[in-house]
Amino acid sequence: MAASSSGRLAGICSLKDKISLGYSNVFCGSFATSACHHAQPQIKRKASPQLVGVVGLEIHAQIYASTKLFSSSQVCFSSPPNSSVSFFDAALPGTLPVLNRRCVEAAVMTGLALGCTINKRSLFDRKHYFYADLPAGYQITQQRLPIAVGGRLSYSHLVGRKRNQVVDKNVRIKQIQLEQDSGKSLHDSYRSQTLIDLNRAGVGLMELVLEPDMSCGEEAAAAVRELQLILQALGTCQGNMSEGQLRVDANVSVHRPGEPLGVRTEVKNINSARFLARAIDYELQRQMAVVEGGGTVLNETRAFDFKSGQTVPMRDKEGLQDYRFMPEPNLPPLILYERETVPAHTDPRQVVLVDQLQEQLPELPRVTRDRLVTTYGILPEHSFTLVNEDGLVDYFVGVVQQTRAEPKKVIGWVLNDLLGLLKQQCLTVSQSPVSPNALAELLDLLEAGSISSPAAKLVLQELWKGSGKSAKHIVEEQGLGLMRDRSEIQQVCRRVIDSHPDEVSALRAGNKNVLNKLIGQVRKQTKGRADPQLVRAILEEELSRPPFHGETT
């Protein structure tokens with residue numbers, strides 16, 4: 001990339017740190033050119049508008065179901081190659097599709113959660129193209145009349161130097177459609193051959209088409225993370241991107257405000273929100289460099305190379321590809337009902353009720369975050385962390401309900417100490433050896449003044465070992481209770497003073513900061529059991545006395 005482009009990217013990063021709530025969209029979408037040279041006189045001229053980015057997404061979400069969209073084959077990520085393939089999945093002649101009701105319900109629930117209009121009548125189509133891992137030579141999808149249209153995805157992301165400013169954004173949803181997944185091609189470069197695994201062929205997908213309402217990689221990544229949380233809350237998709245359960249195609253272009261949209265490129269099959277942000281930002285910079293250099297952006301499909309951080313060409317799109325869409329002859333229109341519109345004598349197992357699914361919608365992540373902030377008085381950025389970690393909201397609420405400690409104190413222990421331990425050992429919240437009840441008991445001891453904060457952290461480490469002992473038992477067994485005997489603390493303080501003559505001299509010479517070091521030494525020797533306020537008072541008292549004969553002054 002050219003040097004000016006690198007400078008432009010640095011300008012973006014510095015601008016993003018200064019984003020305010022009202023103007024984040026301006027800076028995220030406007031990629032400033034190199035900084036002005038203030039030492040040189042500026043010539044006033046009519047500057048051309050800055051190039052801005054335009055980003056739209058196509059998201060393929062694998063439906064959480066035990067069987068495939070049109071067959072009874074089991075869906076299992078880790079099953080041996082070609083072990084979950086029915087005759088229909090392999091496209092054997094004479095086989096017919098049977099629509100999976102669970103997949104239809106998942107698509108309807110997703111559409112309702114995103115405020116879409118649910119089409120009571122939708123159609124299936126054949127999309128023809130050749131892939132070695134697509135046995136039939138076509139994909140069954142919903143091109144003409146999808147199951148849901150319209151809607152909006154509301155998402156938030158944190159900006160600012162401390163990442164503590166919440167910016168709320170919206171992106172329009174064009175449509176949600178049901179379709180089949182293809183199989184998987186495994187390329188063996190050593191033997192110069194390609195192997196085909198059809199386990200994934202026919203797995204149910206929801207394709208969510210998002211309008212080009214975003215302007216940079218950060219916005220796109222935040223939108224995908226929010227959608228991931230929504231799908232997981234609904235139970236319609238597990239959203240594990242590393243297993244291909246959520247895959248994103250990004251349509252990226254640049255243009256000047258007021259002018260028509262530029263030529264777009266499509267970056268295919270991105271399976272990480274972090275990689276998505278990097279891929280989009282790189283592609284925006286690449287296109288801006290091309291346009292500013294007088295070149296032409298090609299309409300092409302590109303892939304993201306996460307090792308180099310660059311997008312690379314796959315194939316051009318200059319020639320219009322003819323998918324030869326046609327109505328799927330083996331599937332009738334998909335009809336959905338409300339309770340009052342169900343025909344008489346209809347088998348309830350063959351009917352999907354939209355209003356019934358509406359009533360089953362759970363609390364969505366955005367509502368959960370707002371409730372946590374309102375109910376417990378925690379910071380908005382803390383609510384994001386709680387919601388983003390599966391099971392952490394219930395853990396936090398469980399601790400709060402069982403302890404006398406304020407929620408603002410509880411949140412620090414949950415996010416900093418407990419979550420830190422979980423991350424160190426790559427454990428989920430459900431695998432935590434410290435239960436909410438155990439942490440609540442520990443915080444009660446701390447709140448009652450029975451132990452100090454450093455001692456509480458030692459107790460947490462013991463609880464983490466999973467010995468089954470209670471926090472109170474550990475405190476008594478290891479003698480971690482708060483020291484309140486003044487004479488005992490005084491003896492420790494005197495030992496510290498005697499063993500640190502240089503610090504004592506510096507303190508008496510006027511360096512008051514040294515006192516904190518002495519306090520730390522006393523607390524270290526008492527394993528954090530000494531009351532810090534009492535320690536400070538005793539040290540100040542001892543050091544205010546005249547030095548003994550022979551003591552360094």
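# A tour starting from helix H9

Begin by selecting helix H9 in this predicted model, where the buried residues are covered by elements that include H7, helix H8 (380-388), H10 and H11. Colour H9 by accessibility and you will find that the helix is mostly covered, with 8 of its 11 residues buried. The buried residues to pick out in H9 are Leu392, Val393, Tyr395, Phe396, Val397, Gly398, Val399 and Val400.

Keep H9 (residues 392-402) on screen and add helix H7 (residues 365-376), which packs against H9 at an angle of about 15°, the two axes being 12 Å apart. That angle makes H7 roughly parallel to H9, and the crossing in which H7 passes H9 is left-handed. To see where the two helices touch, show the side chains of Thr368, Arg371, Leu372 and Tyr376 on H7, together with Val393, Phe396, Val397 and Val400 on H9. Sorted by class, this contact of H7 with H9 has 6 nonpolar, 1 polar and 1 charged residues. While the side chains are shown, it helps to recall that an α-helix has 3.6 residues a turn, so residues three or four places apart point the same way.

From the helices, move on to cysteine 426, which lies in the loop between helix H10 (407-424) and helix H11 (436-447). Its phi is near 55°, a positive value in a residue other than glycine, and cysteine 426 is exposed, with a relative accessible area of 70%.

A second loop residue to select is histidine 345, found between strand S17 (334-335) and helix H6 (354-359). Here too phi is positive in a residue other than glycine, with a value near 60°, and the relative accessible area of 85% marks histidine 345 as exposed.

Next, select the strands S5, S4 and S16, which form an open sheet of 3 strands in the order S5-S4-S16, with antiparallel pairing. Strand S5 (138-141) and strand S16 (326-327) stand at the edges, and each has a single partner strand, so one side of each is left without a neighbour in the sheet. Zoom in on strand S4 (residues 125-128), whose antiparallel pairing with S16 runs over 2 bridges, and look for arginine 126, which stands opposite methionine 326 in S16.

Another antiparallel pair is made by strand S9 (residues 184-188) and strand S10 (residues 193-197), which are joined over 5 bridges. In this pair, lysine 184 stands opposite aspartate 197 in S10. Follow the chain through the hairpin of S9 and S10, where 4 residues lie between the strands, and stop at serine 192, which takes a positive phi near 55°.

The last stop is methionine 206, which lies in strand S11 (residues 204-214). Is methionine 206 buried or exposed? Methionine 206 is buried, with a relative accessible area of 0%. Select what surrounds this residue, leaving aside its neighbours within four places in sequence, and you will find it in contact with Ile59, His60, Ala61, Ile63, Ala106, Ala107, Thr110, Ile176, Gln177, Leu231 and Thr236. To finish, draw a distance between the C-alpha atoms of methionine 206 and aspartate 181, which are 25 residues apart along the chain and separated by 9.5 Å.

Key. Residues are numbered from 1 along each chain as its sequence is written. This is a predicted model: local features need pLDDT of at least 70, side-chain atom pairs count only at pLDDT 80 or more; totals for chains, interfaces and linings use all residues. Side-chain values use heavy atoms; hydrogens and water are left out. Two strands pair if DSSP finds at least two bridges between them. Buried means under 20% relative accessible area, exposed over 50%, partly exposed in between (1.4 Å probe, protein chains only). Axes are lines fitted to C-alpha atoms, for helices over the stretch in contact, and angles run from 0 to 180 degrees between N-to-C directions. Angles under 35 degrees count as roughly parallel, over 145 as roughly antiparallel, 65 to 115 as roughly perpendicular and the rest as oblique. A crossing is left-handed if the near helix is turned anticlockwise from the far one by less than a right angle, and right-handed if clockwise. Contact means heavy atoms within 4.5 Å. Ala, Val, Leu, Ile, Met, Phe, Trp, Tyr, Cys and Pro count as nonpolar, Asp, Glu, Lys and Arg as charged, and the others, Gly among them, as polar.
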